[in-house]
Amino acid sequence: MTNSADSCARSPSVEILERNRFSMVSSWTDAIVVSRTPRGMFGVYSRKQLDASEGGRWITLGQDTGLATPVALLAAIREAECLTNSDVEWDEALPKVAELDWAMGAALANALERDVPVPPKAKDLPAQGRFRKSDVVTVSVPWDNEEYSLDVPIHLWAEVCAGKSLRRRSRQHYEGTHFGLTWNFDITQEDALVVASDEGGGDWENSLDEAYIHGPEVFGLNMGKLMVSAAIKDLVEGETKCPYCGSREDCGHLLLIVDKTFRNAEGGVLCDAFNDRWSDIVEQAGEDFDEGDAFNELLEEVDNLAGVIVPVDQEGAPGMSSAKEMYFASSKAKAAEARRRFAAE
C-alpha cells in the first residue's frame, strides 16, 4: 500500500450498500468495506472479485484495522480508494459512518469541510458507545453583564436536536442573592432558547447560535455545538433531500419528482419514461376516462419501485399551489433497475 491516492486512475464513484457494516462499491467487482467494533475501532477492507475463469471468489487486496481516529480512518479509506481505483462519494458515505458512530462521522465531515451529518436519535446514541451517561452539554447565556449556565445531559441534548422541546430549571447566584432560571429549548422556533428569571425583569430570548455551547469533546471537537448546528441546518433547509445520501440536488437515488396537482413529472431517472407513458395513457383514453385514478395507478408503479417517498408542499400564487412528491431508491443500482423495469412496461 505505497501508492498515493492522487496518482491512481479512477473508476466511477462509489455507492453505499449496507448499514452497520457497509460497502463503498465502485463496480460489481470492487469494494471498500468499512466496519466498526463495539469498542469503537474501525476497519477498512479493499476487496476485488475475480472473474469466473479464476473462480469468481472475492479476494482482499488490503486491510487496515484498529483505526481509532478520524485521521487514521481517512488515511485508510484513501489507501483503499487507490487499491480499488475508485472515489468515495462522501455525501453518501458520511451519513453511513454517522449511523455507526456519529462522532466519527462528524469529525470526518469537519476534516473534509463537508456538512456534518444529522445527529442520531436519543435512543440510538447509547448504542454507539461514544458518549458516557455522565456527559453533559453546557449551555451559557450572557445576561446583564453576567453569564449563566445550564448543564444538559447528552441524551436530553440529542432530544433537543431532534426537535423535542425541553424545560429545565437552574439555581443561580448574583450579588449575594439566589434565584431560579427556567430554560426552555425548542429548535423549531425562531427563539430556540428562552431563559426566564424568577425575579422578573424580562427574558433572554434568542437562537441557540447566540448561546455558548460546549462539550463533550471527542476527537478534539465540540460535539454539543456540532450536534445542534447540524440539526438546525437540516431543519432550516427542510425535508427536500435524499434520505439515503443527504443530497439536496438531483442524486442517483432519485427516481421521480412528480407534481400531483398538475400531473407531471419534473425530475428523476424515471422522469422521461413516466411522462411518455402518461402521455400515451391520456391519448388512448376513452370517454369514461378518470384522469385522477389513472394518474394514481401509474404512480403506484413508481411507489412499488421506491424505498422512500418524501412529500413536498409548494406554495405559489393563488390558484398555483401544488403538491409534489419525491420517490427515492435505496441504492443507485436499484434506481437503475427501476428505470429498466419501468421503461419496459
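The following questions and answers concern the helices, strands and confidence values of a predicted model.

Residues are numbered from 1 along each chain as its sequence is written, and side-chain values use heavy atoms, with hydrogens and water left out. Because the model is predicted, local features need pLDDT of at least 70 and side-chain atom pairs count only at pLDDT 80 or more, whereas totals for chains, interfaces and linings use all residues.

Reader: What average pLDDT does the chain have, and over which residues is the pLDDT below 50?
Author: The pLDDT is the predictor's confidence in each residue, on a scale from 0 to 100, and 84% of the residues score at least 70. Residues 316-320 stay under 50, and the model has three contacts for them beyond four places in sequence, a contact being heavy atoms within 4.5 Å. The chain averages a pLDDT of 82, and the pLDDT is below 50 over residues 1-19.

Reader: How are α2 and α3 oriented to each other, roughly parallel or roughly antiparallel?
Author: Helices here are DSSP runs of H or I with at least four residues, strands are runs of E with at least two, and both are numbered from the N terminus. The axes, lines fitted to C-alpha atoms and for helices over the stretch in contact, come within 6 Å for α2 (residues 90-100) and α3 (residues 102-112) and cross at roughly 150°, with angles taken from 0 to 180 degrees between N-to-C directions. Angles under 35 degrees count as roughly parallel, over 145 as roughly antiparallel, 65 to 115 as roughly perpendicular and the rest as oblique. The helices α2 and α3 are therefore roughly antiparallel.

Reader: How many nonpolar residues does the contact of α2 with α3 have?
Author: From α2, the residues W90, L94, V97, A98 and L100 meet W102, M104, G105, L108, A109 and L112 in α3. In this classification Ala, Val, Leu, Ile, Met, Phe, Trp, Tyr, Cys and Pro count as nonpolar, Asp, Glu, Lys and Arg as charged, and the others, Gly among them, as polar. By class the contact of α2 with α3 has no charged residues, one polar residue and, as the number asked for, ten nonpolar residues.

Reader: Which residues of α1 make the contact with α3?
Author: The axes of α1 (residues 70-84) and α3 come within 10 Å and cross at roughly 70°, which makes α1 roughly perpendicular to α3. On the side of α3 the contact is made by M104, A107, L108 and L112, and by class the contact of α1 with α3 has seven nonpolar, no polar and one charged residues. The residues of α1 in this contact are P70, L73, L74 and R78.

Reader: Which strands stand at the edges of the sheet with the order β7-β6-β12?
Author: Two strands pair if DSSP finds at least two bridges between them, and in this open sheet of three strands the pairing is antiparallel. Strand β6 (residues 136-143) pairs with β12 over three bridges, T138 standing opposite H214 in β12. Each edge strand has a single partner, so one side of each is left without a neighbour in the sheet, and these edge strands are β7 (146-153) and β12 (212-214).

Reader: In the sheet β8-β9-β10-β11, how many bridges pair β8 with β9?
Author: This open sheet of four strands has antiparallel pairing, and five bridges join β9 to β10, while β10 and β11 pair over three bridges. Between β8 and β9 (residues 177-185), R168 stands opposite W183 in β9. The number of bridges that pair β8 and β9 is nine.

Reader: Which side chains of β10 point to one face and are buried?
Author: Along β10 (residues 193-197) the side chains alternate, with V194 and A196 pointing to the other face and not buried. Buried means under 20% relative accessible area, exposed means over 50% and partly exposed lies in between, with a 1.4 Å probe and protein chains only. The buried side chains are those of L193, V195 and S197.

Reader: Which residue in the turn of the β3 and β4 hairpin has a positive phi?
Author: Strand β3 (residues 30-36) and β4 (residues 42-49) pair in the antiparallel sense over seven bridges, with V33 opposite Y45 in β4. The hairpin has five residues between its strands, and the residue in the turn with a positive phi, of about 90°, is G40.
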